[in-house]
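Here is a short briefing for a first look at this structure. Keep the 3D view open as you read.

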Amino acid sequence: MGTRAWALLLVLCGTIFLEGIDVAMLAVAIPSIRADLELSTNAAAWVISAYVLGYAGFTLLGGRAADLLGRRRMFLTWLTVFLAFSGLGGFATEGWMLIVARFVTGVSAAFMTPAALSLITTSYEEGPQRNKALLVFAGTAAGGFSLGLVIGGLLTQLGWRWVFFAPVLLAAAILIAAVRLVPAQPGGGRQEEADGRPQPRTTETAAADRRGFDFLGAVTAAGAMLLAAYAVIRLEHGLDGWQLTAGAAVAAALLATAFVGVERRSPAPLVRLGILRKASVVRADLGALLFVGAFFGFQFVVTLYLQELRGWSSLQTAIALVVMGCDAILAPTLTPRLVNRFGNGRVILGGFVLGIVAYGLFLPVGMDWTYAAMFPTLLIAGIAFALAYGPLTIAATDGVTESEQGLAGGLLNTATQFGSALGISAVTAVYGLASSGSDPGSTLSAFRTALIVPVAMVTLGALISSFGLRGGRGRRVAGATAEASSDVSANTARQTAS
């Protein structure tokens with residue numbers, strides 16, 4: 001890829017890095033925030049949950065908005081909102097202020113991240129070059145979260161408000177660069193040429209523009225996603241207040257049914273339901289949901305084990321877990337070569353199998369395990385993420401028309417957000433149900449039981465992913481070679497011009 005193409009990719013990857021580091025730093029800072037603002041346990045939990053609720057509730061709408069209203073416009077607008085409300089969170093003096101700020105920050109990420117992903121899939125030629133860009137994007141996402149744990153621990157020592165102010169500085173730098181580098185793309189996914197003239201509009205795009213925006217579809221989709229996300233978050237309470245959890249789930253199902261009815265009758269549907277009949281997309285989204293859910297559920301259990309049972313500080317825990325960030329290096333370097341040789345489907349399945357091995361090795365965790373005993377699990381978990389997540393991103397967008405790349409990105413981000421919420425809520429619920437006392441032995445036993453959840457999730461994901469191998473070796477990534485890059489460099493220079 002040329003210099004300008006790499007610069008654009010750096011900006012777009014900066015967005016997902018920003019999102020990852022923001023979430024990780026806050027997770028480390030929650031105890032300090034709770035103590036300083038004198039928050040209740042429920043309020044402290046909602047500081048985290050509000051972000052997840054906003055993100056998961058609106059990411060499907062955010063992805064489609066990028067297609068219909070313009071990817072560049074959505075990207076720059078919501079990056080600005082992210083910047084503003086992250087800063088406002090740092091000035092919060094009451095718990096409700098922080099919760100509102102986190103919810104809006106989550107909503108902004110729901111619009112910003114799918115726009116960034118669809119900008120990649122429409123600015124880089126489908127095939128080796130796009131796959132290379134997506135693998136770098138996926139590796140950056142994981143690297144942001146891993147580094148965020150360490151940086152969050154350091155910043156919290158200075159004061160928890162820096163956890164909110166630091167992303168503002170990074171977001172401002174990304175925004176300045178994005179204004180110059182992100183290609184101008186009018187609504188409907190139509191990309192402008194380097195001279196500013198739009199490409200010819202298709203009959204489908206023109207007709208959709210005339211019929212207008214599917215407002216009722218947007219309302220029912222957002223309502224269904226919000227209620228579903230709330231039901232998933234409430235799973236962490238186990239049987240306590242199950243009526244509210246069940247009520248939210250039923251209401252979400254009813255709204256989802258209404259949404260399907262609206263989309264079938266709409267002349268310009270928000271979501272073309274036919275995309276859900278594309279087996280590779282559905283399989284990739286389900287795989288991403290299960291893999292990410294297992295990864296974050298496992299990480300959550302390990303964090304509790306180290307801090308609550310072993311008495312490690314937040315900084316010690318963050319440094320211990322940073323080895324899982326090896327995927328930030330492996331995803332753009334090793335993974336393309338493996339996909340090129342063995343095929344996308346086989347590499348995804350390999351990632352799931354390594355996940356089973358990693359989480360399975362931690363099942364017999366003891367009261368006094370050394371870090372050396374934990375290290376193989378943490379390293380293998382990071383390698384598994386490097387093998388699975390990037391190829392899943394490719395599979396979720398591969399073969400989708402340019403006008404629906406934002407929708408495909410929205411579906412993928414919806415899956416990953418629900419996956420992370422489901423993984424954490426499920427291990428929390430199982431841990432609570434398995435707890436039989438407050439003594440260290442009972443706590444350790446509950447941790448071991450909770451670890452069954454991520455093992456089960458990656459095992460199910462491996463079964464689902466194995467069906468994709470029937471179609472052959474899958475799309476290969478040759479973009480790791482200089483020859484492939486030089487073949488498409490001219491096309492990239494034209495497409496990524498602003």
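**The largest cavity**

Helix α2 gives the most to the lining of the largest cavity, with three residues. The model described here is a predicted one. The points below begin with that cavity, then turn to the chain as a whole, a pocket, the cores and a few single residues.

- A search of the whole structure for cavities of 30 Å³ or more finds one.
- The volume of the largest cavity is about 40 Å³.
- Its lining is made up of Val23, Leu26, Ile48, Tyr51, Val52 and Arg102.
- Two elements, α1 and α2, each give two or more residues to this lining.
- By class, the lining of the largest cavity has five nonpolar residues, no polar ones and one charged.

**The chain as a whole**

- The protein chain has 18 helices and zero strands.
- The chain has 498 residues, and 56% of them count as buried.
- Take the contacts between residues at least 6 apart in sequence: 84% of them join residues at least 24 apart.
- The accessible surface of the chain is about 19,400 Å². Carbon and sulfur atoms account for 67% of that surface.

**The second largest pocket**

- The second largest pocket holds about 470 Å³ of space.
- Its lining has 20 residues. Leu60, Met225, Leu276, Leu411 and Thr414 lie nearest the centre of the pocket.
- Four helices give two or more residues to the lining: α8 (215-234), α9 (242-265), α10 (279-309) and α15 (405-434).
- Helix α10 supplies the largest share of this lining, five residues.
- Of the lining residues of the second largest pocket, 17 are nonpolar, two are polar and one is charged.

**The nonpolar cores**

- The largest nonpolar core has 131 residues. Phe75, Tyr305, Tyr359 and Phe362 have the most contacts inside this core.
- Helix α10 gives the most to the largest core, with 17 residues.
- Another core, of 16 residues, lies apart from the largest one. Met25, Leu26, Ile33 and Val163 are among the residues of this other core.
- Leu26 thus has two roles to look for in the view: a member of the 16-residue core and a lining residue of the largest cavity.
- Phe75 touches eight named partners once residues up to four places away in sequence are set aside: Leu12, Thr15, Met112, Ala115, Ala116, Leu119, Ala178 and Val182.

**Ala50, in helix α2**

- Ala50 lies in helix α2.
- Ala50 has a relative accessible area of 2%, so Ala50 is buried.
- Beyond its neighbours within four places in sequence, Ala50 is in contact with Ile99, Arg102 and Phe103. Arg102 also lines the largest cavity.
- Ala50 and Val107 are 57 residues apart along the chain, and their C-alpha atoms are separated by 9.6 Å.

**Thr113, in helix α4**

- Thr113 sits in helix α4, which covers residues 95-123.
- Thr113 counts as buried because its relative accessibility is 2%, under the 20% cut-off.
- With neighbours within four places in sequence left aside, Thr113 is in contact with Ile16, Glu19, Tyr55 and Asn413.

**Gln307, in helix α10**

- Gln307 is part of helix α10.
- Gln307 has a relative accessibility of 29%, so Gln307 counts as partly exposed. That class lies between buried, under 20%, and exposed, over 50%.
- Gln307 touches Trp312, Ser313, Ser314 and Thr317, not counting residues up to four places away in sequence.
- For one of these partners, Thr317, the C-alpha atom is separated from that of Gln307 by 7.1 Å. The two residues are 10 apart along the chain.

**Glu38, in a loop**

- Glu38 lies in the loop between α1 (3-37) and α2 (41-69).
- The relative accessibility of Glu38 is 71%, so Glu38 counts as exposed.
- Phi of Glu38 is near 55°, a positive value in a residue other than glycine. Most residues other than glycine have a negative phi.

Conventions:
Residues are numbered from 1 along each chain as its sequence is written. This is a predicted model: local features need pLDDT of at least 70, side-chain atom pairs count only at pLDDT 80 or more; totals for chains, interfaces and linings use all residues. Side-chain values use heavy atoms; hydrogens and water are left out. On a 1 Å grid over the protein atoms alone, a cavity is a set of points where a 1.4 Å probe fits but cannot get out, and a pocket is an open set with protein on both sides within 12 Å along at least five of seven lines; lining residues have an atom within 4 Å of a point. Grid points are joined across faces, edges and corners, and a volume is the space filled by probe spheres set on the points. Ala, Val, Leu, Ile, Met, Phe, Trp, Tyr, Cys and Pro count as nonpolar, Asp, Glu, Lys and Arg as charged, and the others, Gly among them, as polar. A nonpolar core is a set of buried Ala, Val, Leu, Ile, Met, Phe, Trp, Tyr and Cys residues joined through side-chain atoms within 4.5 Å. Buried means under 20% relative accessible area, exposed over 50%, partly exposed in between (1.4 Å probe, protein chains only). Contact means heavy atoms within 4.5 Å. Accessible areas come from the Shrake-Rupley method with a 1.4 Å probe; for residues, only the protein chains shown count as cover.
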